[in-house]
Amino acid sequence: MIDLKAITISEGAAGMRSQIEGLAKLICNSHQNFDIQINPFFKNLPIQLIPATKFAYKNLNEININSKVILISCGKKSVKASIYLKKKFKDLIFNIHIQDPKSDHNLFDLIISPEHDELKCSNNISTLLALHNINFDLNKKKTEVINFIIGGSNKYFEFNKDTQNKILDDLKFLSKKSPVNVIPSRRTPSPFIEKLRTLDSQNVRLLDDVFDPISYGKLLSEAKMHIVTWDSISMISEAISSETGTFLYEFEERSCPKRYKLFYQMTKQKGLLKSFNRNNEPYSISMTEYNLELKSKILNKIESHLWFKNSAS
């Protein structure tokens with residue numbers, strides 16, 4: 001196995017942190033996380049106007065690299081930090097950015113982007129599922145519990161009252177047959193969480209404080225099925241990765257963007273995802289081949305690069 005070490009950089013948001021740590025764990029033996037801090041003047045600028053200099057950031061000087069390392073970045077504020085560090089440390093860095101950096105693609109040694117974004121460039125590897133840092137116990141015995149994982153509003157979905165009432169009705173129905181863990185996200189509206197808390201069912205357990213990867217991974221490993229609202233590709237990807245059957249909870253169909261629909265279509269075609277209805281039966285999948293293939297693709301790309309060949313000589 002290649003002995004690779006990584007430094008991961010992001011703004012520190014949970015979603016970005018999950019992706020960079022997930023990639024680092026997939027391909028590297030060890031990694032170090034670093035939360036970058038952009039100077040206030042540049043914070044709200046579009047990515048194209050943020051300069052790739054140390055002056056755009058408060059703490060880039062704290063990163064000191066003395067030996068070859070994989071630099072993994074995610075999030076628009078980390079794009080120019082990666083470019084700057086690559087210029088500064090030159091051949092000591094192999095820089096990977098997760099998602100389209102919206103900058104010159106040639107300034108990165110590798111880009112990892114979602115397949116549904118249809119990014120076309122020679123240094124890109126596309127992934128069907130979103131990367132994440134959740135650990136699963138795939139040998140854990142399944143319980144009779146259903147996980148209902150709920151997102152919330154974003155720039156595409158309003159998550160309106162009709163949607164919320166539909167979820168409440170389906171929860172009441174499901175809880176008559178099985179215990180249900182209700183797992184809201186950081187985007188789930190607080191008033192709706194309070195409604196969930198007061199549901200008149202002993203079979204519904206609200207878990208509104210599960211934000212660490214270990215506890216979340218344990219919950220996903222134990223359930224007999226997952227139902228996930230379709231507003232978050234990351235939440236759906238995490239559920240699928242647990243190898244427990246995952247069902248897509250659709251709402252506000254007119255608001256769903258084309259790229260989301262493409263993701264749902266591709267995952268369903270591969271048998272990784274099914275649409276929710278009240279009569280769904282549990283099923284299981286294997287992600288071993290997918291994970292090994294993705295890891296092999298990325299490592300082959302690194303090994304074929306001059307950066308790696310020079311380090312091996």
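Select Ala6 and His31 in this predicted model: Ala6 stands opposite His31, a residue of S2. Now extend the selection to both strands, S1 (residues 5-10) and S2 (residues 30-35), which run parallel and are joined by six bridges. Add H1 to the view; S1, H1 and S2 together make a right-handed β-α-β unit.

**The sheet around S1**

Next, show strands S1 to S6. These six strands form an open sheet with parallel pairing, and the order across it is S2-S1-S3-S4-S5-S6. At the edges are S2 and S6 (124-127), each of which pairs on one side only. Going from one strand to the next, the twist averages 20°.

Within this sheet, pick S4 (residues 93-98) and S5 (residues 110-114), a parallel pair held by three bridges. Label Ile98 and Ile112: Ile112, in S5, is the bridge partner of Ile98. Then turn on helix H2 (residues 76-89), which packs on the sheet and touches S1, S3 (69-74) and S4. The direction of H2 makes about 170° with that of S4.

Which strands does H8 lie across? Select H8 and look at S3, S4, S5 and S6, since the helix lies across these four and runs at about 170° to S6.

**The second largest pocket**

Keep H8 displayed and add a pocket surface. The second largest pocket has a volume of about 520 Å³. Helix H1 (14-27) and helix H8 (288-303) are the elements that give two or more residues to its lining. H8 supplies the largest share of that lining, six residues.

To find the middle of the pocket, select Leu26, His132, Ile134, Phe136 and Asn291, which lie nearest its centre among the 21 lining residues. Colour the lining by class and the count is eleven nonpolar, seven polar and three charged residues. H1 thus appears twice on this tour: in the β-α-β unit with S1 and S2, and in the lining of this pocket.

**The other six-stranded sheet**

Now hide the pocket and show strands S7 to S12. Here too six strands form an open sheet with parallel pairing, in the order S9-S8-S7-S10-S11-S12. Its edge strands are S9 (204-206) and S12 (274-275), each pairing on one side only.

Zoom in on the S12 edge. S11 (residues 246-249) pairs with S12 in the parallel sense over two bridges. Which residue of S12 stands opposite Leu248? Select Ser275 to see this partner.

Finish with helix H5 (residues 213-222), which packs on this sheet. Display the strands that H5 touches: S7 (146-150), S8 (180-184), S9 and S10 (225-229). Viewed against S7, the direction of H5 makes an angle of about 135° with that of the strand.

Technical notes. Residues numbered from 1 in each chain as written. Predicted model: local features only at pLDDT ≥ 70, side-chain atom pairs only at ≥ 80, totals over all residues. Heavy atoms only, no water. 1 Å grid on protein atoms, 1.4 Å probe; cavity = no way out; pocket = protein on both sides within 12 Å on 5 of 7 lines; lining within 4 Å. Points joined across faces, edges and corners; volume = space filled by probe spheres on them. Nonpolar A, V, L, I, M, F, W, Y, C, P; charged D, E, K, R; others polar. Pairing = 2+ DSSP bridges. Contact = heavy atoms within 4.5 Å. Axes fitted to C-alpha atoms, helices over the stretch in contact; angles between N-to-C directions. Right-handed = clockwise from strand over helix to strand, strands pointing away.
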